[in-house]
Amino acid sequence: MAGDGIGPEVVAQAVKVLRHVLPQAETEEAPVGLAGIETRGVPLPDETLALAKRADAILFGAVGGPDEASLPREQRPGTGLLKLRKELTLFANFRPAFMFPELIGASTLKPEIVDGLDLVILRELNGDIYFGEPRGIETGPSGERYGINTMRYTESEVERIAHAAFQAARRRRGKVCSVDKANVLETMQLWREVMTRVGREYPDVELSHLFIDAAAMTLMRAPKQFDVIVTGNMFGDILSDAAAMLTGSIGMLPSASLGLDRKGLYEPVHGSAPDIAGQDIANPLAAILSFAMLLRESLGLEDKAQEVESAVRSVLAGGYRTADIYQPGTHRVGTEEMGDAVVQALQARRAA
């Protein structure tokens with residue numbers, strides 16, 4: 001599902017890598033977002049959803065465009081993505097933020113702050129204010145309009161994402177930081193209570209809590225203290241994009257949205273960026289790294305995932321840079337050339 005904006009461009013490069021790593025794979029394309037509206041009149045056509053339910057995994061580009069705000073909410077491209085996550089019960093959004101040594105100079109933070117950065121933001125995807133009811137824009141007795149959105153979580157929803165966080169931390173450095181706003185919001189009071197209770201089942205994992213404002217500040221001031229950050233849908237949306245800038249460019253970061261089985265949706269976090277679409281300047285590395293996550297999480301092919309990640313590191317070490325990560329003294333390339341460079345690095349690795 002390449003979607004809109006730069007989605008088709010970056011997904012095309014990830015598919016190049018897929019064809020090289022998994023030549024036997026069966027792939028199908030389906031419209032979503034504005035592309036879905038153009039072909040079927042809705043952002044998530046029934047045919048696309050049916051195909052997604054049959055697939056082992058989904059490689060996703062991005063949805064959205066400059067004129068979407070004028071559309072009714074149910075017709076907006078992002079609504080299709082929200083429905084896809086809900087229909088497939090993709091409740092756990094893993095967004096790793098890591099620093100490639102070659103890109104330290106691309107970050108706006110001091111090198112000592114980001115050197116060695118390696119954290120994961122785990123965002124709950126199926127609840128919170130994005131799905132809570134009631135919602136909408138109403139007119140009061142005085143004739144004045146007001147908007148309403150409802151932040152809502154059930155205990156079982158929080159338990160589900162809590163277990164995902166603690167299990168992820170066991171595979172990493174054994175630390176979970178739960179981010180909430182329990183000092184103000186009853187929803188977040190429940191969140192903290194459930195996180196604490198589930199944490200007792202994982203005595204080998206260290207659990208800490210931070211309010212969202214303190215977490216945002218600490219993420220910029222001392223990000224390397226974090227291992228796994230787990231938080232709700234809205235806070236996770238914000239923190240994960242902030243974390244992307246620690247690495248120098250949002251164009252570098254992949255993500256995986258997972259359910260209870262191995263099926264997942266894999267997408268770069270950068271969005272559709274319609275202002276640069278069609279110019280061959282978008283960074284495809286986040287899409288390619290999302291494919292590496294697909295290999296690892298949905299297909300269980302750890303060795304091939306590492307191959308792709310090593311190829312990306314090799315390309316960066318060779319000085320290849322798209323516009324968003326370019327620095328003087330490096331070799332500036334376009335979207336397609338960067339994808340070709342990763343494939344060439346894979347070929348060289350296998351030939352060695």
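**Exercise 1. How do the residues lining the second largest pocket divide into nonpolar, polar and charged?**

Before we start, a word on the ground rules: this is a predicted model, where local features need pLDDT of at least 70, side-chain atom pairs count only at pLDDT 80 or more, and totals for chains, interfaces and linings use all residues. Residues are numbered from 1 along each chain as its sequence is written, and side-chain values use heavy atoms, with hydrogens and water left out.

Step 1: pin down the terms. On a 1 Å grid over the protein atoms alone, a pocket is an open set of points with protein on both sides within 12 Å along at least five of seven lines; a cavity is a set where a 1.4 Å probe fits but cannot get out, and lining residues have an atom within 4 Å of a point. Points are joined across faces, edges and corners, and a volume is the space filled by probe spheres set on them.

Step 2: get the lining. The second largest pocket has about 850 Å³ and 29 lining residues, with Glu26, Thr27, Glu28, Ala55 and Ala57 nearest its centre. Helix α1 (7-21) gives the most, five residues. Helices and strands here are DSSP runs (H or I, at least four residues; E, at least two), numbered from the N terminus.

Step 3: sort by class. Ala, Val, Leu, Ile, Met, Phe, Trp, Tyr, Cys and Pro count as nonpolar, Asp, Glu, Lys and Arg as charged, and the others, Gly among them, as polar. The split is 20 nonpolar, three polar and six charged.

**Exercise 2. Describe the largest pocket.**

Step 1: its volume is about 990 Å³. Step 2: 30 residues line it, and Phe94, Val120, Met293, Arg296 and Glu297 are the closest to its centre. Step 3: α6 (155-170) tops the contributors with five residues. Step 4: by class, we get 17 nonpolar, three polar and 10 charged residues.

**Exercise 3. Which residues line the largest cavity?**

Step 1: one cavity of 30 Å³ or more turns up in the structure. Step 2: the lining is Arg95, Pro96, Ala97, Ile121, Ser240, Ala243, Leu253 and Val269. Step 3: β2 gives the most, with three residues.

**Exercise 4. Find the best-connected residues of the largest nonpolar core.**

Step 1: a nonpolar core is a set of buried Ala, Val, Leu, Ile, Met, Phe, Trp, Tyr and Cys residues joined through side-chain atoms within 4.5 Å; buried means under 20% relative accessible area (1.4 Å probe, protein chains only). Step 2: the largest core has 88 residues, and Val17 and Phe291 have the most contacts inside it. Helix α10 (285-297) gives the most to this core, nine residues. Step 3: leaving out residues up to four places away in sequence, Phe291 touches Ala14, Val17, Leu18, Val21, Leu22, Leu59 and Val308, where contact means heavy atoms within 4.5 Å.

**Exercise 5. Which strands are the edges of the eight-stranded sheet?**

Step 1: the open sheet runs β1-β10-β9-β2-β3-β8-β6-β7, with mixed pairing; two strands pair if DSSP finds at least two bridges between them. Step 2: β1 and β7 (206-211) each pair on one side only, making them the edge strands. Step 3: β7 runs parallel to β6 (175-180) over six bridges, and Val179 is the bridge partner of Leu210 in β7.

Methods: Buried < 20%, exposed > 50% of the residue type's maximum accessible area, 1.4 Å probe, protein only.
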